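Student: Please give me a close look at a single part of this structure, namely its strand pairing, and set that part against the chain as a whole.

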Amino acid sequence: MAKQSGFKEILAQTGLTQTALMPQEALLWTKQNAKSLFIGLPKEIILHEKRVSLTPDAVSLLVKNGHQVLIETGAGEGAKFKDSQYSEAGAQIAYSKEELYKADVIVKIQPLTEEELEYLKHGATLISALNMQKSTKEYFEKLNRKKVTALAYEFIEDNAGGLPLIRAMSEIAGSTVMLIAAECLSSANNGMGVILGGITGVPPTKVVFLGAGTVSEFAARTAISLGADVKIFDKDIYKLQRLKHAIGQHVYTCIIDSHVLPEAIIQADVVIGALRAENGFTPCIITEEMVSRMKPDSVLIDVCIDQGGCFETSELTDLANPTYRKYDVIHYCVPNIPSRVAHTATQALSNIFTSFLLKTGKTGGIEEAIFANKAFMKGVYSYKGSLTNAQIAKKLGIAYKDLSLLAAARF
């Protein structure tokens with residue numbers, strides 16, 4: 001008779017089975033929060049959008065803090081995040097939009113489509129962009145009938161009065177826009193055939209910026225470092241001063257309301273439109289007549305096309321077909337330029353959304369967070385059946401309620 005191994009003898013003495021000594025699965029530890037959120041992350045379906053609101057690492061952090069995350073299958077593919085990464089981080093995978101929109105808090109990039117609006121459940125919270133240019137009265141009426149609390153991330157402020165989500169996307173757009181200009185100028189894309197910048201003995205490329213905000217700051221740094229001849233125009237002298245200080249070197253600046261601008265536009269090789277929207281709409285600065293006098297194969301890039309655009313000849317395009325010609329001038333009018341670098345943009349968005357969602361849970365939920373933080377309250381444009389944004393109400397002729405008055409009525 002064969003002798004038993006020492007391991008089997010121990011099992012026999014202790015009465016344990018071999019299975020009992022094998023490594024076992026352990027439940028994931030999660031922190032119990034003041035208010036657990038049920039968060040839904042849909043896959044974007046318009047404008048060839050590739051970004052997603054949260055990374056797998058962010059999902060893992062939220063789940064460990066007691067929140068539930070549901071993500072539509074394939075939502076992260078465009079940003080190079082796999083379903084398996086989200087699943088391993090603790091998210092549940094939804095295989096249909098009907099399933100996804102059962103979540104209480106929908107966090108997405110682009111505005112809701114008509115189809116998505118139908119899926120949105122009664123009393124849900126929506127956090128997304130709001131395209132003021134394309135928003136209709138019917139859209140807000142449907143939101144109100146469903147008693148949805150909706151926030152536009154371009155309106156959400158931080159405690160310092162800044163716009164953190166807009167700032168992050170503007171940094172990316174500014175860093176990317178000069179690469180786009182270089183592509184449009186190249187002979188490979190039937191452009192002017194000039195290098196963006198300058199080399200010894202050759203006149204530099206002339207680049208004009210409209211607006212002295214974050215986009216122009218980051219783009220101008222790139223253009224100057226390449227040796228381009230840069231001119232920056234804005235209505236606000238303080239913004240021009242701030243931009244010169246931020247860049248850290250002398251750069252040509254001028255007020256928009258002057259006779260200098262038309263001549264600069266006509267002589268420019270590249271014009272970047274990056275004006276800050278006023279009351280939700282970008283002022284149209286460059287007329288069709290001015291565009292018609294520009295050089296053949298020169299380039300217009302309208303970064304603020306999602307708010308109406310600052311060129312009279314601007315027409316909305318997408319990442320699949322980003323350019324068109326008018327008066328033989330190349331127009332690039334894609335509203336979601338950061339989606340060209342979707343992985344980086346997703347990480348930037350996720351950093352901000354994660355912090356906000358964690359704070360919201362600790363505060364006691366979306367409603368408590370809205371009324372506890374005035375800066376965050378500014379992002380709300382619809383609250384439980386009432387429009388709360390004066391700009392939208394004025395544009396569309398809809399009655400609205402002042403959210404600060406609703407806040408006072410709660411106490």
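Tutor: Accessible areas here come from the Shrake-Rupley method with a 1.4 Å probe, and on that basis the accessible surface of the protein chain in this predicted model comes to about 19,500 Å², with 53% of it belonging to carbon and sulfur atoms. Of the 411 residues in the chain, 50% count as buried, and the C-alpha trace spans about 100 × 65 × 40 Å along its principal axes. The protein chain holds 16 helices and 15 strands, and among its contacts between residues at least 6 apart in sequence, 65% join residues at least 24 apart.

Turning to the pairing itself, eight strands make up an open sheet of mixed pairing, and their order is β3-β2-β1-β4-β5-β6-β14-β15. The edges are taken by β3, residues 92-94, and β15, residues 386-387, and because each has a single partner strand, one side of each is left without a neighbour in the sheet. In general, the strands of a sheet pair through backbone hydrogen bonds, either parallel or antiparallel. At the β3 edge, the pairing with strand β2, residues 68-72, is parallel and consists of three bridges; within this part of the sheet, E72 has A94 of β3 as its bridge partner.

Towards the other end of the strand order, helix α6, residues 137-145, lies across β5 (125-128), β6 (149-152), β14 (380-383) and β15. This helix runs at about 50° to β14, and β15, one of the strands that helix α6 lies across, is also an edge strand of the sheet.

How values were computed
Residues numbered from 1 in each chain as written. Predicted model: local features only at pLDDT ≥ 70, side-chain atom pairs only at ≥ 80, totals over all residues. Heavy atoms only, no water. Helix = DSSP H or I, 4+ residues; strand = E, 2+ residues; numbered from the N terminus. Buried < 20%, exposed > 50% of the residue type's maximum accessible area, 1.4 Å probe, protein only. Contact = heavy atoms within 4.5 Å. Pairing = 2+ DSSP bridges. Axes fitted to C-alpha atoms, helices over the stretch in contact; angles between N-to-C directions.
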